[in-house]
Amino acid sequence: MAKHWADFQYEIYLNGMTGAVPRLPTDLTRLEELAEHRLGPGPVGYVAGSAGEGSTARANRAALDRRRIVPRMLRDVQERDLSVEVLGRALPAPLALAPVGTISIMHPDAESAVARAAAAHGVPYVLSSASSTPMEQVAEEMGDAERWFQLYWGKDREVTRSFLGRAKAAGFTVLVVTLDTPMMAWRPRDLDQAYLPFLHGVGTANYFTDPAFRAGLAQPVHEDPNAAVRHFLGLFGDASHTWPDLAFLREHWDGPIVLKGVLHPDDARLAADAGMDGVVVSNHGGRQVAGSVAAADALPGVAAAVGDRLTVLFDSGVRTGADVFKALALGARAVLLGRPYVYGLGLDGQAGVEHVIRCALAEFDLTLALSGHATPATVTADDLTETPI
Ligand SMILES: Cc1cc2nc3c(=O)[nH]c(=O)nc-3n(C[C@H](O)[C@H](O)[C@H](O)COP(=O)(O)O)c2cc1C
Ligand SMILES: O=C(O)C(=O)c1ccccc1
């Protein structure tokens, strides 16, 4: 019998025979509370926090919760294959780890631990531009495992060009360009604590190691780190970009490009017209536009508009295997998992991230099987019903 992700369930019960229970909860929605309890208020506040009064983050969860799976019976789900092709890459399951910046605030092993955990399970890791570890080091941790690079498309073209060249050379295959964060939104939880990791130089590793970035500094980084941070803050985001500017990225990246943060079907069409390969339907985990549409509510419209032209990915609110299933049913090809793995990292380093990946995929495998599917390919809108709230 083929190995299934669901086998993690038996592994846990078997380990229990010797008295061992999992070090972290297997209900991944419980990680946030545990992290709040065990880790400092600044870092957890930064990760858990969102824009405004938090209604967008809550709406993300509600939009998934409102959709309910309608399981089908007697459809031979004994042997299952969760693998999917995404942007020409063969993935073991429709899951990747979302780009999350500044994660050394959660654990000193930071991106290295996440990279090793992702590589151990063949799950792609989307490395943030605002990584606390240089991209080359992350690449080294991953060997030939699948890795994608997330670009914060800032003001300095030379830095952007340099990042793309470095990412390519380091074996990152897909470029994920985040459009929804040319500036940080109003985030009361961080504002109330006056907590912003970059001001302490966290999340600047790709920049501080970059020749084009350094060329813009009057003094070397180590001689005047504050000036380097100020320079970083000055060029990090650029709110003046428009659709035609994507030609620059298309010209300097010869692999797939995915635009992250697309919620309107017309923006998805513009992405296709601009020669992009995919979109991530995302509201940045509710961290940007307070009051914005829930990502899962935007997903079907985007999938209907461009599903035949672009690869549609999804994030914002995914916490369980059932959520992964629902996102596929709403039109996503694969999902990005965000906060849960960051809490896993904070609570137990690499092992914590592996725990989160294995729980999410075991639960997805079981949800798929128990709903009557042996592969993600057969999941459609017909598998869901919507209950009013
Ligand atoms: C602490 C934190 C940092 C993030 N940093 C980035 C980033 O550097 N680049 C990016 O594109 N998205 C970033 N995101 C957004 C995630 O990629 C993803 O869209 C979001 O976490 C999805 O929401 P969820 O975690 O609630 O499911 C960040 C999210 C969090 C929570
Ligand atoms: O905090 C975020 O949501 C985010 O996207 C970000 C941006 C820059 C650096 C680190 C994280």
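In the predicted model, the largest nonpolar core comprises 115 residues. Those with the most contacts inside this core are Leu97, Val114, Val279, Val281, Leu299, Val302 and Val335. Helix H16, spanning residues 339–370, supplies the largest share of the core, with 15 residues. Leu97 touches Val114, which is likewise among the residues with the most contacts in the core. Beyond four places in sequence, the other contacts of Leu97 are Ala118, Val123, Tyr125, Val126, Leu336, Leu337 and Tyr341.

The protein contains 16 helices and 12 strands. Its radius of gyration is 20 Å, close to the 21 Å given by the globule rule for 389 residues, so the protein is as compact as a globular protein of that length. Along the principal axes, the C-alpha atoms fill a box of roughly 70 × 50 × 40 Å. Buried residues make up 50% of the 389. Of the contacts with a separation of 6 or more, 74% are between residues 24 or more positions apart.

Ligand 1 is surrounded by 21 residues, the closest being Gly101, Ser128, Gly285, Gly338 and Arg339. By class, this shell has 7 nonpolar, 10 polar and 4 charged residues.

An unreviewed UniProt entry annotates Tyr46, Tyr152, Arg187, Lys260, His284 and Arg287 as "binding site". Of these annotated positions, Tyr152 lies in the loop between E6 and H7. Tyr152 counts as buried because 22 C-beta neighbours lie inside 10 Å. With residues up to four places away in sequence left out, Tyr152 touches Ser129, Ala130, Thr178, Phe236 and Gly237. Arg287, another position in the annotation, is found in the loop between strand E9 (278–281) and helix H14 (295–306). Arg287 is also buried, with 25 other C-beta atoms within 10 Å. Its contacts, again excluding residues up to four places away, are Ser50, Ala51, Ala185 and Arg187; Arg187 is itself covered by the annotation.

The loop between strand E6 (147–151) and helix H7 (157–169) also holds Gly154. Gly154 is buried, as 20 other C-beta atoms lie within 10 Å, and 20 or more are required for a residue to be buried. Outside a window of four places in sequence, Gly154 touches Val159, Thr160, Leu235, Phe236, Gly237 and Asp238. Phe236 and Gly237 are thus contacted by both Gly154 and Tyr152. The C-alpha atoms of Gly154 and Pro182 are separated by 7.7 Å, although these residues are 28 apart along the chain.

Notes. Residues are numbered from 1 along each chain as its sequence is written. Chains are lettered from A and ligands numbered from 1 in the order in which they are written. This is a predicted model: local features need pLDDT of at least 70, side-chain atom pairs count only at pLDDT 80 or more; totals for chains, interfaces and linings use all residues. A nonpolar core is a set of buried Ala, Val, Leu, Ile, Met, Phe, Trp, Tyr and Cys residues joined through C-beta atoms within 7 Å. A residue is buried if 20 or more other C-beta atoms lie within 10 Å of its own, exposed if 12 or fewer, and partly exposed in between; C-beta atoms are placed from the backbone. Helices (H or I, at least four residues) and strands (E, at least two) are DSSP runs, numbered from the N terminus. Two residues are in contact if their C-beta atoms, placed from the backbone, lie within 7 Å. The radius of gyration is taken over C-alpha atoms; the globule rule is 2.2 Å times the number of residues to the power 0.38. A residue is near a molecule or strand if its C-beta atom, placed from the backbone, lies within 6 Å of it. Ala, Val, Leu, Ile, Met, Phe, Trp, Tyr, Cys and Pro count as nonpolar, Asp, Glu, Lys and Arg as charged, and the others, Gly among them, as polar. UniProt positions are given in the numbering used here, feature names are shortened, and annotations may be inferred rather than shown by experiment.
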